[in-house]
Amino acid sequence: MPDPLGSYIRPGYKDGPDVLQLLVEGRSIASGLVANPTWGNRQADLMTEAGRQGLETVLDPLTVDLGTAGGFGRGRVRNLPWAGNAPHLPDDLTGLAGVPLVRAIAEEVQARGYSAVLAPTHFLSAADDPWLLIDADLTHRLRAELDRLGLGHVRIYYPLVVKAEVFRHAEARGRLVQTLRPPLPIDAVWLRIHPFGTNSSGPLALRRYLEGCRDLHATGVPLVAEHSGTVGLALMAFGAVGGIESGITFSEGVQLGGLFKAPDPDDRGFSPAPRIYLHQLGTFLPPERGEAFFGARGMKSAHGCTNSGCCPRGWQDMQMRPRRHFLLQRAHEVATLSATPPPLRAGLYMENFLRPASDRAVRAAEIEPSLEPARKRLDSWRGTLGAQLEKHSVFTVSEPAAGKRLRRPA
């Protein structure tokens, strides 16, 4: 069997109890959880239990937020020990000036017992953005600091946060590949391409993402598609990435525009109710639309959950326990791809999910008009990915994001 594909979940503020319940039941839900350091002890029990059961626990130091005016001004981000007094600028972290930041992050990893950490990277607006080399240097320093603290086992995942218009150019990708190759001490590259995701994956965007990933395979490290959700499953099936990351029924797309706007002083934020995952279509229903949708003729049998281990009461549990249903179904989707030999994954995805889903979506969208964009999206993917399969009978494949330290030559 090949190494497993990665599936990382980023629990939201109110998601912890549902995730913890599944862990206590011994259910397999993901290969790792991503921790938010601004929530203090709120996730402590969850991360401890996840680590005890062998899941990765990944600290996100939120340096992408800290490098923007909007991100720095929101929530409790500015109170992090490595935040500084103002949004990060390149000169603030160049050379020895970056040591306090990486030291504080490493100490947080040690104190909380995390098994992995996202490198302290920042948003790249161009291929020659000064942050590219500064962030690489910070990553070297972070590895050295972790090793100094006796944390040689802790993995470093490198968030590549870049505009889609930069990522789509082969010359720019070549520069990125040169920076991300050895001796950079990273164990995976996490792609945060702005904008891209399930709802922003038109034919050109999807093709360019696949092409970009295939160029980045030259780094020799696994790729993980951040905030990718349902389209991430397609990316894994076609070998573009070896893992995906998303929130729980949310965060299925990268949209960083809000980071570059000054925060509204009256905005206190809120946690929306989890959506209902229609796993047969790979899309979501607002919770208030579930009753009407499943009440329509044929929708219970077509889209209700029939897995008694997931939803004993079928479609009713999909509504009453949407987080549980989503987590177990997403774990099943990733496990199915993982158990399939890489050369067969694309065909399996097309025949077992995409084609049936695009056919089912026609009737579903007639019943629930809000699903019409999902129907169009599935048809678009079917055409784009079908053409890819015809054109590329053989293509490079990302290493699986199996949560291993990569012992790479200097």
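Reader: How much space lies in the largest cavity?

Author: About 30 Å³. A cavity here is a set of points on a 1 Å grid over the protein atoms alone where a 1.4 Å probe fits but cannot get out. Points are joined across faces, edges and corners, and the volume is the space filled by probe spheres set on them.

Reader: What sort of model is this?

Author: A predicted one, in which local features need pLDDT of at least 70 and side-chain atom pairs count only at pLDDT 80 or more, while totals for chains, interfaces and linings use all residues. Residues are numbered from 1 along each chain as its sequence is written, and side-chain values use heavy atoms, leaving out hydrogens and water.

Reader: Back to the cavity. How many of 30 Å³ or more does the structure hold?

Author: One. Lining residues, those with an atom within 4 Å of a point, are Asp60, Pro61, Leu62, Thr63, Val64, Leu118, Ala119, Thr121, Pro159 and Arg192.

Reader: Leu62 caught my eye. What is its phi?

Author: Near 60 degrees, which is a positive value in a residue other than glycine. Leu62 sits in the loop between strand 3 (56-59) and helix 3 (63-66). Strands (E, at least two residues) and helices (H or I, at least four) are DSSP runs numbered from the N terminus.

Reader: Is Leu62 buried or exposed?

Author: Buried, because its relative accessibility is 10%. The cut-off for buried is under 20% relative accessible area, with a 1.4 Å probe and protein chains only.

Reader: Which residue other than Leu62 has a positive phi and is not a glycine?

Author: Thr249, with phi of about 70 degrees. Thr249 belongs to the loop between strand 9 (243-246) and strand 10 (253-254), and at 0% relative accessibility it counts as buried.

Reader: Switching to strand 6. How many of its residues are buried?

Author: Seven of the seven, residues 188-194, so strand 6 is largely enclosed by the rest of the structure. On one side the buried residues are Ala188, Trp190, Arg192 and His194, and on the other Val189, Leu191 and Ile193, which leaves both faces covered. Arg192 also appears in the cavity lining.

Reader: Which strands are joined to strand 6?

Author: Strand 5 (residues 155-163), parallel and through seven bridges, and strand 8 (residues 223-225), also parallel, through three. Pairing needs at least two DSSP bridges. Pro159, one of the cavity lining residues, has Trp190 of strand 6 as its bridge partner, while Val189 is matched with Leu223 in strand 8.

Reader: What does Leu191 touch?

Author: Leaving out residues up to four places away in sequence, Leu191 touches Leu160, Phe167, Tyr209, Cys213, Leu216, Leu223, Val224, Ala225, Glu226 and Val241. Contact means heavy atoms within 4.5 Å. Leu191 is also listed with Val241, Tyr349 and Leu385 as touching the most other members of the largest nonpolar core, which has 112 residues. Helix 15 gives the most to this core, nine residues. A core is a set of buried Ala, Val, Leu, Ile, Met, Phe, Trp, Tyr and Cys residues joined through side-chain atoms within 4.5 Å.

Reader: And what does the second, separate core include?

Author: Tyr8, Val58, Tyr157 and Ala188 are among its ten residues.

Reader: Where are the cis peptide bonds?

Author: One runs from Pro182 to Pro183, with omega near 15 degrees, and Pro183 is in the loop between helix 8 (170-180) and strand 6. Another joins His194 and Pro195 at an omega of about -5 degrees. Pro195 is in the loop between strand 6 and strand 7 (196-197).

Notes: Buried < 20%, exposed > 50% of the residue type's maximum accessible area, 1.4 Å probe, protein only. 1 Å grid on protein atoms, 1.4 Å probe; cavity = no way out; pocket = protein on both sides within 12 Å on 5 of 7 lines; lining within 4 Å.
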